[in-house]
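Open the structure in your viewer and keep the sequence panel at hand, since each stop below asks for a selection.

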Amino acid sequence: MKRAYRLLLWVGLLGVTGCAGPAGPEGPQGESGTNGEPGEPGEPGEPGEPGERGEPAPGGAAISAVTPTTIYLEHPVRVSVSGAHTEWSDGVTVDFGAGLVVADVVVASEAGIVATVTAAADAPLGPLDVTVTDGDQTLTFAQGVEVAAPLSHELFDGTVEQGGVISGLLVQHDLSTPFNTLYPGSVTLSGPEGDATIRELSPWAADYLAFIDVHAAPGPVDLVVESGTSGAVTVSRSPAALDVQARNPIALGADDSVTGTLDAPLSTTLYEVTHASGALTQYTVESASPSAVVGVALPGSGKFAEGGGFATDGLFGLGDATGYLVLVNNESGPQDFTVTTNSVPTEEVEPNNECATAQDLTPLPTTVEVATLAGPLDEDWYVVHVDPANVGDQLQIETLATLIPEMADTFIEVFANDCITSMGQSNDADFYDSLFSAPIATNGPIYIRITNSPTFGYAASPYTLLVDFFSEPVTETEPETEPNGTPSEALANNAFALDDSAALTGTVSTAGELDIFAVTLAAPGTLTATTTAGGADTCAPMGAIDSFITLFDTDGTTTLASNEDLGPSYCSEASAAVAAGTYYVQVQGSPQYCPACTFDYGLTLTVTP
């Protein structure tokens, strides 16, 4: 330690007392020091003057929204077009694409336009651009709206072909235009050439039945529903809902018998029948159960509107060399059938336009298969020669449709042997009539005159005439008595003793109304209840009555039988084998197809051993 100390001292002494030498070289630069903390920011300066407003950047203006985005065919709608960075003026135009008509354009603001837009019936479906033009500026909103059909369609049963029968459902998608269920009669359906009817209607759906004429044009067909009253009708369309297929009818002779099978509900077979001009052909259809397969005879035009009603037998062919027969599967599964045709001669003998030339119908019963009222003033006279055994009886006279329902409007009169004294006349309440004459007072000739309706005037014929003796007093048709909505009310107000038959009338006057009748049988038998059309209604698919009938046991609650439709007819028939006792018959509108229907009806009750 001492030695070190001394050395340091010596060196220091030399540096102090020796001569100064030259300066040495500069040493290297030292490391930079650490920066200090930043200072506090100063106070902001005063804002400058605002500059001039510049021009909008290219592409800054645009259509920002279109509402609503769906436009339905033939349904006018108010559409709003909104803009961004726009300065629209009153001269603006709006284009929604092909098939869309724009009207009542209103510029609500520089960024808002309102217009009424209607898509034509044939406008293309799918998305379309919306274009707004204002002077030199054109703006486009790609696929801004979509054109849609207001109705969608689902086929239930049948085949879409010439001479076919189909059923299906149309659904309304435009919630602003519900169907008019307050006035169902104002809602109509049109489609392929033929007849179409709505069976059940709700605000958003229509269940339909359609008949396609034999000569309907093949190809796509729209289904169109018109709803509303005059001046306020909404047209809703399902474009190309059906594709009608061409079909070649099967040849069937005027005296022939063939068999076949109809595989599915409403499947059809189309026959072409050739017969001598002016002659008739009668057809009869047989199947495993009554009315499982039914037929309708059509004239040479092939139009369902000019044909007869659906039935298991009928006549057709007056004046046409060719007629058509359509057979329909009226059940749910496959149905075998046999159809037989027979030639029927025309039986009216002219001249018979006055009492002196009356055609003799003796003996009775007899049927004049085809008679003709050739003009408004034509009269057909017939004579019946009464034996003493029939004195006190009545004549039962009825006119029926021969070929085409509601194409004749007949009026029946019965006269004593002087051709002047009246023995009764029909009430002319419908196209065809029935009449029971006054009791026959003496043997000898009794005359029948058939003329055109004096109330409704001439309608083209033909008609069929049935005449027979009736040997029991006629019971007048009895109307229902309200209230009769329960079995106990039926016992109090609508109770009937039934020996063989009774004829009643009633009215389903409100939606869902039940009419119940109490029927007492003194002996066992088969009780049958049948509804028929009342007033000017008809049971046909184009008619106004759609009934549902139920037979209840003696407790008033146990169902013995029920029936929705009598064949394609919308009337009903139900029967059951019963013991002696009191049973209940209930009539109502179809719960499935027409719960809101109201209609007049006839009710026939029969009991057979």
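## A tour by selection

Begin with P483, which sits in the loop between β33 (478–479) and α2 (487–493), in a model that is predicted. Display the backbone on its N-terminal side as well: the peptide bond joining E482 and P483 is cis, with omega at about 0 degrees.

For a second cis peptide bond, select T67 and P68, where omega is about -5 degrees. P68 belongs to the loop between β1 (62–67) and β2, so residue selections here can be extended directly into the strand that follows, β2 (70–72).

**An open sheet**

From β2, widen the selection to the open sheet of four strands to which it belongs, in which the order is β2-β8-β7-β4 and the pairing is mixed. Because β2 (70–72) and β4 (93–95) each have a single partner strand, they stand at the edges of the sheet, and one side of each is left without a neighbour there. If you look along the sheet, neighbouring strands are turned against each other by 35 degrees on average, direction ignored.

Within this sheet, colour β7 (residues 126–134) and β8 (residues 137–148), which pair in the antiparallel sense over eight bridges. To follow one of the pairings at residue level, pick G126 and then V147, its bridge partner in β8.

**Two positive phi values**

Return to β2 and move on into the loop between β2 and β3 (77–84), where E74 is found. Although E74 is not a glycine, its phi is positive, at about 65 degrees. With a relative accessible area of 22%, E74 is partly exposed.

Next select L266, in the loop between β17 (256–262) and β18 (268–274). Here too a residue other than glycine has a positive phi, near 65 degrees. Is L266 buried or exposed? Its relative accessible area is 15%, and the residue therefore counts as buried, the cut-off for that term being under 20%.

**A strand with two partners**

Now select β10 (residues 165–172), a strand that is mostly covered, with six of its eight residues buried. Add strand β9 (residues 151–157), which pairs with β10 in the antiparallel sense over six bridges, and then strand β13 (residues 205–212), which also pairs with β10 in the antiparallel sense, over seven bridges.

G168 is a convenient residue on which to centre the view, for L155 stands opposite G168 in β10, while in β13 the bridge partner of G168 is Y208. Showing L155, G168 and Y208 together therefore lets you trace both pairings from one residue of β10.

**A buried glutamine**

For the last stop, select Q586, which lies in strand β41 (residues 581–589). Which residues does Q586 touch, not counting residues up to four places away in sequence? They are L514, D515, I516, F548, I549, T550 and F552, and showing their side chains gives a view of the surroundings of Q586. Q586 is buried, with a relative accessible area of 9%.

Finally, bring Q588 into the selection: the side chain of Q586 makes a polar contact with the side chain of Q588, at 2.9 Å. In a regular strand, side chains alternate between the two faces of the sheet.

Notes
Residues numbered from 1 in each chain as written. Predicted model: local features only at pLDDT ≥ 70, side-chain atom pairs only at ≥ 80, totals over all residues. Heavy atoms only, no water. Pairing = 2+ DSSP bridges. Axes fitted to C-alpha atoms, helices over the stretch in contact; angles between N-to-C directions. Buried < 20%, exposed > 50% of the residue type's maximum accessible area, 1.4 Å probe, protein only. Polar contact = N/O pair within 3.5 Å; in protein donor to acceptor, adjacent residues only side chain to side chain. Contact = heavy atoms within 4.5 Å.
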